[in-house]
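I set out to keep a short notebook on one structure. Each entry records what I looked up and what I found.

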Amino acid sequence: MDKPMTARAVQCPNCGAPLRFDAGTGTLRCEHCGAALDPEALDGRSALENPAPRGGADAPAAFECSSCGAQMVTSGVTASLHCPWCGSNTVVPAQFSGELRPDWIIPFRTTRDQALEAYRAYYRGSLFKRFMQPRAFRRCNEVEDLQGVYVPFRLYDGAATVDAVYDTYDVERRGPLRETRAVYREEIRGAIRFEKVPADASRRMSDDLMDSIEPYDLAELTPFSLSYLPGLLAERYDVGAKEDEQRAAERVKKTAAARVAKVIRHETLGETRQAQVKLRTDRVQYALLPVWLLTARWKDGKRTFAMNGQTGRFTGELPMSIPKTLALMALAYALPVVLLSLIRRSLWALGALIGVFTAFAAWAQIFWTMQVKPVHTAWDAAAYMGGKVDVKRRTERFLKRERARRGNQKDSGRTTAGAQK
């Protein structure tokens with residue numbers, strides 16, 4: 001292990017007690033004399049310059065507390081920690097020096113107490129949520145750990161160009177039972193800007209969990225300062241730039257294609273023939289974004305929940321009771337079939353009803369699961385896309401009439417030929 005890096009204790013200039021960042025007031029507060037300091041007033045940027053740790057991000061690193069001299073060993077990506085011997089809140093400037101220094105930070109806006117209250121409201125939630133949970137979880141779950149963490153993210157700026165071909169149509173109604181459909185092929189080339197699309201750059205964090213607490217209000221990005229870290233955990237990135245860029249690109253491509261499809265001229269989008277998306281990345285920035293991570297234990301299992309430290313958005317997967325899930329599925333499947341079979345006793349009708357309500361039961365199960373397990377992979381980047389699509393080329397051509405109309409014409413032709421014979 002290399003020579004320990006210095007973990008600088010952040011202390012009150014009045015009494016020497018530890019300082020911590022208070023999300024409620026946005027200040028550095030002294031835990032002893034109650035002094036409140038402006039984070040920008042504390043010159044965190046002039047901290048000691050130490051070499052970055054060697055080895056991989058998973059390799060342990062040693063830190064020496066500047067207050068008491070004790071050594072601490074923790075993850076090689078840790079940049080802010082708490083000294084267990086003297087109680088000081090320390091920061092490790094070396095972890096955020098040189099190329100590792102973030103461009104931006106969003107300070108915590110929500111407090112620890114708010115995170116606890118959000119958790120209680122989340123699992124108590126609706127009547128359906130409470131019903132679907134195992135009784136043991138509702139009665140015996142305990143908060144094992146709650147920690148504010150600054151999670152590293154890369155933010156991507158650039159533009160997406162979409163070359164798309166659509167089949168569209170306009171419907172023209174002539175009476176209640178007759179309609180004509182004019183079909184067109186539209187070729188559109190459009191471009192749209194994207195700004196600060198985030199991608200989680202920490203392997204220790206669940207990507208789905210981080211996606212589920214978006215979006216952040218990136219208008220509140222603040223130039224990075226070590227002064228926002230005391231009393232909270234902070235980590236530097238350990239995910240490669242290419243891997244992050246791929247995740248961000250997938251979101252941008254899907255959103256850009258959906259935006260361009262909305263500028264079609266005709267009434268209805270019938271079919272997407274082609275939607276090729278090319279990306280140009282103009283700038284990549286590095287930011288620390290606030291997350292409250294909560295771990296709850298019940299029986300022998302653990303559940304991890306996350307809350308957006310800026311907006312308060314809370315998410316996580318609650319346990320589902322298997323017997324209750326099976327009972328609801330059986331009810332959703334059997335009850336309508338039984339009721340309707342009393343009305344229509346035909347075997348064909350009964351078979352059709354069984355098929356319909358089997359599909360209904362499956363969709364009901366998906367809905368119930370989404371209510372209790374809302375953690376997901378984000379595919380939408382709409383919150384980070386620019387305004388209107390810049391249409392660079394548009395062409396269209398008329399294709400054909402509705403088959404039904406052509407069929408009517410053929411029928412009328414046959415009738416005329418029969419009359420002549």
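How do the residues of the lining of the largest cavity divide into nonpolar, polar and charged? I note at the outset that the model is predicted. I found 7 nonpolar residues in this lining, with 1 polar and 1 charged.

**Entry 1: the cavity**

I searched the whole structure for cavities of 30 Å³ or more and found 1. I recorded a volume of about 50 Å³ for the largest cavity. I then listed the residues that line the largest cavity: Tyr156, Phe194, Val197, Glu245, Ala248, Ala249, Val252, Leu279 and Thr281. Two or more lining residues come from each of the elements β11 (179-200), α5 (241-261) and β14 (268-298). The largest share, 4 residues, belongs to α5.

**Entry 2: the second largest pocket**

I next turned to the second largest pocket, which holds about 270 Å³ of space. I counted 14 residues in the lining of this pocket, and the closest to its centre are Val149, Arg204, Met205, Leu293 and Thr304. The elements β10 (142-173), α4 (207-212), β13 (233-235) and β14 each give two or more residues to this lining. By class, I recorded 7 nonpolar, 4 polar and 3 charged residues for the second largest pocket.

**Entry 3: the chain as a whole**

I noted 8 helices and 17 strands in the protein chain. The chain has 421 residues, and 45% of them are buried. I also looked up contacts between residues at least 6 apart in sequence, and 77% of these join residues at least 24 apart.

**Entry 4: the cysteines**

How many disulfides does the structure hold? I found 0. I recalled that a disulfide is a covalent bond between the sulfur atoms of two cysteines. Why is Cys12 not bonded to Cys33? The closest cysteine sulfur to that of Cys12 is in Cys33, but the two are 3.8 Å apart and therefore too far for a bond. The cut-off for a disulfide is 2.5 Å between the sulfur atoms. Cys15 is likewise in no disulfide, and the nearest cysteine sulfur, that of Cys30, is 3.4 Å away. I also compared exposure: Cys12 is buried, with a relative accessible area of 4%, whereas Cys15 is partly exposed at 34%.

**Entry 5: Asn308**

Is Asn308 buried or exposed? I recorded a relative accessible area of 0%, so Asn308 is buried. I placed Asn308 in strand β15, which covers residues 301-308. A polar atom of the Asn308 side chain lies 2.8 Å from the backbone nitrogen of Gln310. Apart from neighbours within four places in sequence, Asn308 is in contact with Thr110, Ile213, Pro215, Tyr216, Pro290 and Arg313.

**Entry 6: backbone details**

One contact of Asn308, Pro215, led me to look at the backbone there. The peptide bond from Glu214 to Pro215 is cis, with omega near 0°. I placed Pro215 in the loop between α4 and β12 (222-223). I then looked up Lys196, which is not a glycine yet has a positive phi of about 55°. I noted for reference that most residues other than glycine have a negative phi, and that most peptide bonds are trans. Lys196 sits in strand β11. With a relative accessible area of 18%, Lys196 counts as buried, because the cut-off is under 20%.

Notes
Residues numbered from 1 in each chain as written. Predicted model: local features only at pLDDT ≥ 70, side-chain atom pairs only at ≥ 80, totals over all residues. Heavy atoms only, no water. Buried < 20%, exposed > 50% of the residue type's maximum accessible area, 1.4 Å probe, protein only. Polar contact = N/O pair within 3.5 Å; in protein donor to acceptor, adjacent residues only side chain to side chain. Contact = heavy atoms within 4.5 Å. 1 Å grid on protein atoms, 1.4 Å probe; cavity = no way out; pocket = protein on both sides within 12 Å on 5 of 7 lines; lining within 4 Å. Points joined across faces, edges and corners; volume = space filled by probe spheres on them. Nonpolar A, V, L, I, M, F, W, Y, C, P; charged D, E, K, R; others polar.
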